[in-house]
Amino acid sequence: DRDGWDLFVASSINDSGQICGHARRDGDFAAYRFAPDEINPLKIFVLPNPSWGERINESGDVVFAETLASDWNCYVYSTASDSTTLVGEGLYPIGVSDRFSVGGQEYMYILAKSKANSPRTYHRLTIHAATGDVVDSELLPIIADAMNKGGVVSGYALNRKGWQVVARYSDQLEVLKNGRKDLQGRGVRIN
C-alpha cells in the first residue's frame, strides 16, 4: 500500500523477483513495479487514464499500456534513467526483451500490437535504455504472441494456402515447415 494503492494484478515477474502489474485505488487503475530488494520497493505509474503493467525484463524495465476511450498508448519505464517514456501511440505492449549492447549503448526490444478494431499490426520497437527513445520500429510479418529475453518473436504466419503455420522472427521470418516434429528447430527462411 503506497498512498492507498492496492496491488491488484501481477502480470509478469523476472528472475530477481521484481513484479509488474496493475494496482487500484478508489476505482482507478495504474501500472506498478514492485522490487522487494530496493529501498523504495513500490513504484506506481499514475497517468491521466487507467494503465496496465504488462511485462518486466531482468533489468527491471517495465512496459505498460494506458487505455484511452478508443485506443492504447505504450509506455516504458527504464531503470537506467528512472523515467517513464511514451514509446508508441496506438500500440499495446506484449513483451519486453532484456537489454543488449551495441557500440557501448544499451537497448531493449518492445513487442507491441495495434488496436483490435482496425487492421491489427505487430511491431518490434528498439528502445534506447537510457533515454527511452525509439531508435527503430519494425512492422512484423507475423501475428505475434510472445517475445523471449533475446527479442525473438513467436507467433504464426499464413502460408500460400492460407493456413496458419508456426513462425518466429529475429532478423527475418522463419517458418516451421508443416509443423512436423522431425523438422523442429529447422525451417524454411522467407524474405
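Visitor: Why is Asp26 called exposed?
Guide: In this predicted model, Asp26 has a relative accessible area of 77%. The cut-off for exposed is over 50%, so Asp26, at 77%, counts as exposed.

Visitor: Where is Asp26 found?
Guide: Asp26 belongs to the loop between strand S2 (19-25) and strand S3 (28-34).

Visitor: What makes the phi of Asp26 worth a remark?
Guide: Its phi is near 50°, which is positive, and Asp26 is not a glycine. Most residues other than glycine have a negative phi. Asp82 also carries a positive phi, of about 50°, without being a glycine. Asp82 sits in the loop between S7 and S8.

Visitor: Is Asp82 buried, exposed or partly exposed, and what makes it so?
Guide: The relative accessible area of Asp82 is 48%. Partly exposed covers the values between under 20% and over 50%, so Asp82, at 48%, is partly exposed.

Visitor: How are the strands S5, S6, S7 and S8 arranged?
Guide: They form an open sheet in the order S5-S6-S7-S8, and the pairing is antiparallel. Strand S5 (51-56) and strand S8 (83-89) are the edge strands, as each pairs on one side only. From one strand to the next, the twist averages 25°.

Visitor: How do you know that S7 and S8 pair?
Guide: Strands pair if there are at least two bridges between them. Strand S7 (residues 72-78) and S8 have six bridges, in the antiparallel sense. One bridge partner can be named: Cys74 is matched with Gly88 in S8.

Visitor: What makes Asn73 buried?
Guide: Its relative accessible area is 10%. Buried means under 20%, so Asn73, at 10%, qualifies as buried. Asn73 is in strand S7. Leaving out residues up to four places away in sequence, Asn73 touches several residues, including Phe64, Leu86, Gly88 and Leu91.

Visitor: What does the side chain of Asn73 reach, and why is that called a polar contact?
Guide: The side chain reaches the backbone nitrogen of Gly90 at 3.4 Å. The limit for a polar contact is 3.5 Å, and 3.4 Å falls within it.

Visitor: Why is the aromatic pair of Phe45 and Tyr77 called tilted?
Guide: The centres are 5.1 Å apart, with 40° between the planes. Rings pair if the centres lie within 6.5 Å; under 30 degrees is stacked and over 60 is edge-to-face. The angle of 40° is neither, so the pair is tilted.

Visitor: What does this pair tie together?
Guide: Phe45 lies in strand S4 (residues 42-45) and Tyr77 in strand S7, so the pair joins parts 32 residues apart in sequence. Phe45 is buried at 5% relative accessible area, and Tyr77 is buried at 4%. Ring pairs also link Phe45, Phe64, Tyr75 and Tyr77 into a cluster. The structure holds eight aromatic pairs.

Visitor: How do you know that Arg124 lies over the face of Tyr109?
Guide: Arg124 is at 4.1 Å from the ring centre of Tyr109. The distance limit is 6 Å, and 4.1 Å is within that limit.

Visitor: What makes Val166 count as exposed?
Guide: Val166 has 52% relative accessibility. Exposed begins at over 50%, so Val166, at 52%, counts as exposed. Val166 is in strand S16 (residues 164-169).

Visitor: Which residues is Val166 in contact with?
Guide: Apart from neighbours within four places in sequence, the contacts of Val166 are Gly155, Tyr156, Glu174, Val175 and Leu176. Leu176 is ten residues from Val166 along the chain, and their C-alpha atoms are separated by 5.7 Å.

Notes:
Residues numbered from 1 in each chain as written. Predicted model: local features only at pLDDT ≥ 70, side-chain atom pairs only at ≥ 80, totals over all residues. Heavy atoms only, no water. Helix = DSSP H or I, 4+ residues; strand = E, 2+ residues; numbered from the N terminus. Axes fitted to C-alpha atoms, helices over the stretch in contact; angles between N-to-C directions. Phe/Tyr/Trp six-rings, centres within 6.5 Å; stacked < 30°, edge-to-face > 60°. Buried < 20%, exposed > 50% of the residue type's maximum accessible area, 1.4 Å probe, protein only. Lys NZ or Arg CZ within 6 Å of the ring centre and 35° of its normal. Polar contact = N/O pair within 3.5 Å; in protein donor to acceptor, adjacent residues only side chain to side chain. Contact = heavy atoms within 4.5 Å.
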